[in-house]
Amino acid sequence: MERLVVENLFDSPVTDEMRASWTQSLSPCLEAYGARWTRSYLSKDRKRMICEFEAPDAESIRTAIRTAGLTFERVWVADVYGPDVPADAG
């Protein structure tokens, strides 16, 4: 499984209702494509969001998002670095 990052930019601030609707639409699509949501980061102004997923490949996430009727700016495969992550875990 790959770790993937999805970037989004929004013209208007994202509401909690919007996020709930996206989750409801996306969840079955992620399952269908063998992917799993890990976490998201929403900027304080609520106009930028980064979401992290695990999936077989980037195209699985792109397809799941499009199937759910949602959009994205970029999807890319990532390695994780940090003080709690062993050097060979990425």
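**Entry 1: a starting point**

Which residue in β3 does Leu42 stand opposite? I looked this up to get my bearings, and the residue is Met49. I remind myself that this is a predicted model.

**Entry 2: the hairpin**

Next I followed the chain around that spot. β2 and β3 make a hairpin, and five residues sit between the two strands. In the turn I found Arg46, whose phi is positive at about 65°. The two strands pair in the antiparallel sense, and I noted six bridges for them. Another rung I looked up is Trp37, which has Phe53 of β3 as its bridge partner.

**Entry 3: the whole sheet**

Then I stepped back to see where the hairpin belongs. It is part of an open sheet of four strands, in the order β2-β3-β1-β4, with antiparallel pairing. β2 and β4 (74-78) are the edge strands, each pairing on one side only. On average, neighbouring strands here are turned by 20° against each other, if direction is ignored.

**Entry 4: across β1**

I went through the pairings of β1 (2-9). To β3, which runs antiparallel, β1 is joined by eight bridges. I checked two of the partners:

- Leu4 has Phe53 in β3 as its bridge partner.
- Leu9 has Arg48 in β3 as its bridge partner.

Phe53 had already turned up as the partner of Trp37, so to speak an old friend by the time I reached Leu4. β1 also pairs with β4, antiparallel again, over five bridges. There, Val5 has Trp76 in β4 as its bridge partner. A general reminder for reading rungs like these: side chains in a regular strand alternate between the two faces of the sheet.

**Entry 5: the helix on the sheet**

Where does α1 lie? I found α1 across β2 and β3, running at about 20° to β3. This helix covers residues 16-32.

**Entry 6: an aromatic pair**

How many aromatic pairs does a search of the whole structure find? The search gives one. The partners are Phe10 and Trp22, which are stacked, with 5.3 Å centre to centre and 15° between the planes. I liked this one, as the pair links distant parts of the chain: Phe10 is in the loop between β1 and α1, while Trp22 is in helix α1, twelve residues apart.

**Entry 7: the largest pocket**

Last, I looked for open space. The largest pocket holds about 530 Å³. It is lined by 21 residues, and the closest to its centre are Trp22, Leu26, Ser40, Met49 and Cys51. Two names were familiar by then: Trp22 from the stacked pair, and Met49 from my opening question.

Which element gives the most to this lining? It is α1, with six residues. At least two residues each come from β1, α1, β2 (36-42) and β3 (48-55). Sorted by class, I noted 14 nonpolar, five polar and two charged residues in the lining.

Key
Residues are numbered from 1 along each chain as its sequence is written. This is a predicted model: local features need pLDDT of at least 70, side-chain atom pairs count only at pLDDT 80 or more; totals for chains, interfaces and linings use all residues. Side-chain values use heavy atoms; hydrogens and water are left out. On a 1 Å grid over the protein atoms alone, a cavity is a set of points where a 1.4 Å probe fits but cannot get out, and a pocket is an open set with protein on both sides within 12 Å along at least five of seven lines; lining residues have an atom within 4 Å of a point. Grid points are joined across faces, edges and corners, and a volume is the space filled by probe spheres set on the points. Ala, Val, Leu, Ile, Met, Phe, Trp, Tyr, Cys and Pro count as nonpolar, Asp, Glu, Lys and Arg as charged, and the others, Gly among them, as polar. Two strands pair if DSSP finds at least two bridges between them. Axes are lines fitted to C-alpha atoms, for helices over the stretch in contact, and angles run from 0 to 180 degrees between N-to-C directions. Contact means heavy atoms within 4.5 Å. Rings of Phe, Tyr and Trp (its six-membered ring) pair if their centres lie within 6.5 Å; planes under 30 degrees apart count as stacked, over 60 as edge-to-face and the rest as tilted.
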